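Reader: Please take me through the features of this model one at a time, giving the general idea first and then the case at hand.

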Amino acid sequence: MPTVNPEPLWRPDPQRIARARITQFQTWAAERHGAPSQGGYPALHRWSVDELETFWTAVTQWFDVRFSTPYARVLGDRSMPGARWFPGATLNYAEHALRAADTRPAEPALLYVDETHEPAPVTWSELRRQVGSLAGELRALGVRPGDRVSGYLPNIPQAVVALLATAAVGGVWTSCAPDFGARSVLDRFQQVEPVVLFTVDGYRYGGKEHDRRDVVAELRAELPTLRAVVHIPVLGTEPPRGALDWAALTSADEAPVFEQVPFDHPLWVLYSSGTTGLPKAIVQSQGGILVEHLKQLGLHCDLGPEDRFFWYTSTGWMMWNFLVSGLLTGTTIILYDGSPGYPDTGAQWRIAERTGATLYGTSAAYVMACRKAEVHPARDFDLSTVQCVATTGSPLPPDGFRWLHDEVRDDLWIASVSGGTDVCSCFAGAVPTLPVHTGELQAPGLGTDLQSWDPNGHPVMDEVGELVVTNPMPSMPVRFWNDPDGTRYHDSYFDTYPGVWRHGDWITITSRGSVVIHGRSDSTLNRQGVRMGSADIYEVVERLPEIKESLVIGIEQPDGGYWMPLFVHLAPGSALDEALLGRIKQSIREQLSPRHVPDEVIEVPGVPHTLTGKRIEVPVKRLLQGTPLEKAVNPGSIDNLDLLHFFEELARKRT
């Protein structure tokens with residue numbers, strides 16, 4: 001594996017390495033905490049996992065985390081699940097997110113962009129004032145620490161204000177994007193029983209207005225625990241009967257009062273994709289998210305007060321929460337509410353240009369769509385402020401790395417990152433002081449003992465294994481909601497290797513310390529005992545201009561055989577004729593191996609995804625094995641349920 005890309009695509013120059021915050025942190029931690037002063041990032045990482053408690057002490061000191069009461073020790077219990085971080089400490093996440101208002105009140109905390117692509121700023125002082133006003137109103141409504149507050153909101157400044165006001169009073173935030181239908185929202189919110197619901201009358205996407213008042217009415221009717229509903233008039237309508245008006249709740253000139261809560265006090269509830277059964281309601285803590293995101297954004301992403309941080313996301317995806325945490329580092333965060341490709345495929349690059357983004361994050365799928373659409377970012381936009389382009393959601397194929405390098409800038413830091421909703425952070429990805437190799441994540445994150453294990457629980461290098469984390473991370477869930485004995489939490493991550501987090505991805509850790517992600521291990525392709533990642537096949541197939549998207553499934557047959565079909569969604573005007581079929585198989589055979597060549601290539605009307613845009617391999621596999629649709633998938637979690645009927649019908653024909 002490490003010999004595949006011997007020469008890096010990019011190396012940071014000495015000046016960049018010297019000014020990186022992670023370099024400054026290492027020098028400081030060497031003086032104060034015994035971190036290695038030599039050996040660069042690999043030595044710092046080794047120290048951070050070997051001396052876990054010292055490392056996290058250093059992080060809290062470096063970022064001046066304000067503990068209103070001190071902690072008894074860093075790690076009260078390090079067993080997983082159940083690790084207890086900073087017992088005895090109290091703090092508040094929102095207090096840290098708004099600290100820059102003290103020193104830079106007139107500078108923008110938020111830049112809001114809609115489909116006109118014209119940025120509108122919200123200053124730090126105005127953000128703090130609105131949070132203070134809304135927090136006071138939430139308390140007046142009876143919201144107390146631990147109460148759940150929900151948002152059915154697009155990526156607008158009001159969503160950030162509502163999250164921070166909820167955190168300020170010690171409430172527990174949870175949100176869904178307004179393109180989610182009522183059933184999928186209720187599958188999430190009914191689990192946590194919110195007392196307040198922030199809603200919009202609709203949203204704008206792809207140049208059109210989408211009225212959601214009927215959905216809001218249904219949510220109100222089906223959430224009996226609600227004490228208040230707050231109306232935000234994105235489309236300009238009047239509040240419905242009994243709803244409170246956003247403007248009235250945020251008009252006071254009031255400094256926020258920050259409830260001091262225990263380190264492990266819930267901050268928010270995120271939801272797994274939940275393609276079968278109800279989505280897992282994942283609870284993460286105020287303190288755990290605070291310190292993990294300071295590390296991830298301040299050290300790995302190298303963000304600080306002079307930066308502008310843009311990630312294309314919606315409030316239904318963990319990357320929105322991650323984006324909001326950019327405020328912790330004093331960074332201006334950029335909120336875009338609209339279609340990623342409106343009015344044309346280059347839309348996100350235009351937003352990066354107009355907002356002066358220094359770190360621009362997007363999905364690997366968007367990068368590959370730009371490549372296929374022959375977008376030329378550097379030719380058509382001024383991207384001189386952009387220092388880093390980061391991608392997540394799925395592995396960025398080597399062609400995506402090369403396209404960014406060639407079409408944006410050859411001196412571009414490309415950060416492919418991988419983590420999960422489960423930790424609301426990255427296991428591996430961005431390191432500003434390391435080289436970038438094509439198709440590889442730079443390194444595991446600090447404090448994260450990331451390993452690749454074989455089925456017997458032995459670490460492997462330069463070969464494919466299970467992604468495991470052998471020590472606790474502060475942002476690991478404190479629990480799942482409605483999981484009183486912790487069974488569902490345990491079974492989700494710890495049933496394979498007791499006491500060790502198994503994430504469900506195939507990875508390779510190379511002997512040079514980089515990481516390659518091969519796709520989900522729970523939808524494993526396993527032919528003749530050789531495990532293969534679906535992502536490797538997607539990368540090859542989707543290079544072909546005729547293929548818009550693909551899906552590969554491996555199914556064990558009752559007779560002991562193995563059926564591996566490849567489903568292809570064709571680009572307009574293309575046909576799955578013998579010539580294209582031959583090129584698909586030849587490409588896979590030559591670029592991967594004969595073993596990777598599918599048994600059949602089948603045209604489909606589209607590839608189904610979760611609401612956060614991930615291809616659903618496991619539910620499709622279950623459908624093809626004959627599982628009824630209602631048992632194979634949670635209908636509310638899928639972007640286009642009609643596409644599943646194709647696979648249901650195919651299963652019927654095959655039997």
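Author: Let us start with a single residue, Glu 374, which lies in the loop between helix H14 (364–372) and helix H15 (377–380). Helices (H or I, at least four residues) and strands (E, at least two) are DSSP runs, numbered from the N terminus. The model is a predicted one, in which local features need pLDDT of at least 70 and side-chain atom pairs count only at pLDDT 80 or more, while totals for chains, interfaces and linings use all residues. Residues are numbered from 1 along each chain as its sequence is written, and side-chain values use heavy atoms, with hydrogens and water left out.

Reader: What sign does phi have at Glu 374, and what is its approximate value?

Author: The general idea is that most residues other than glycine have a negative phi, and most peptide bonds are trans. Glu 374, although it is not a glycine, has a positive phi of about 55 degrees.

Reader: Which peptide bonds are cis, one before Pro 81 and one before Pro 343, and where do these prolines sit?

Author: The bond from Met 80 to Pro 81 is cis, with omega near -10 degrees, and Pro 81 is found in the loop between strand S1 (75–77) and strand S2 (84–85). The bond from Tyr 342 to Pro 343 is likewise cis, with omega near 5 degrees, and Pro 343 has its place in the loop between strand S17 (332–336) and helix H13 (347–355).

Reader: Turning to the whole chain, how many helices and strands does the protein have?

Author: There are 22 helices and 35 strands. The radius of gyration, taken over C-alpha atoms, is to be compared with the globule rule, 2.2 Å times the number of residues to the power 0.38. Here the protein has a radius of gyration of 24 Å, close to the 26 Å that the rule gives for 655 residues, so it is as compact as a globular protein of that length. Along its principal axes, the C-alpha trace spans about 70 × 60 × 55 Å.

Reader: How should I read a sheet, and in what order do the strands of the sheet containing S31 come?

Author: Strands of a sheet pair through backbone hydrogen bonds, either parallel or antiparallel. Two strands are taken to pair if DSSP finds at least two bridges between them. In this case 3 strands form an open sheet in the order S31-S34-S35, with mixed pairing. Strand S31 (547–552) and strand S35 (600–603) stand at the edges with a single partner strand each, so one side of each is left without a neighbour in the sheet. From one strand to the next the twist averages 25 degrees; such angles run from 0 to 180 degrees between N-to-C directions, along axes that are lines fitted to C-alpha atoms, for helices over the stretch in contact. Strand S34 (residues 565–570) pairs with S35 in the parallel sense over 4 bridges, and Pro 565 stands opposite Glu 600 in S35.

Reader: Which strands stand at the edges of the sheet of 7 strands?

Author: That open sheet has the order S5-S4-S17-S16-S18-S19-S20, with mixed pairing. Its edge strands are strand S5 (120–123) and strand S20 (413–416), each of which pairs on one side only, and the twist averages 20 degrees from one strand to the next. Strand S4 (residues 108–113) and S5 run antiparallel and are joined by 4 bridges, with Pro 108 opposite Thr 123 in S5.

Reader: At roughly what angle do the axes of helices H6 and H7 cross?

Author: Angles under 35 degrees count as roughly parallel, over 145 as roughly antiparallel, 65 to 115 as roughly perpendicular and the rest as oblique. The axes of helix H6 (residues 124–140) and helix H7 (residues 157–168) come within 8 Å and cross at roughly 55 degrees, which makes H6 oblique to H7. A crossing is left-handed if the near helix is turned anticlockwise from the far one by less than a right angle, and right-handed if clockwise; that of H6 and H7 is right-handed. With contact meaning heavy atoms within 4.5 Å, residues including Leu 127, Val 131 and Leu 134 in H6 meet residues of H7, among them Val 161, Leu 164 and Ala 168.

Reader: Is the crossing of H2 with H3 left-handed or right-handed?

Author: The axes of helix H2 (residues 21–33) and helix H3 (residues 40–50) come within 11 Å and cross at roughly 50 degrees, so H2 is oblique to H3, and the crossing is left-handed.
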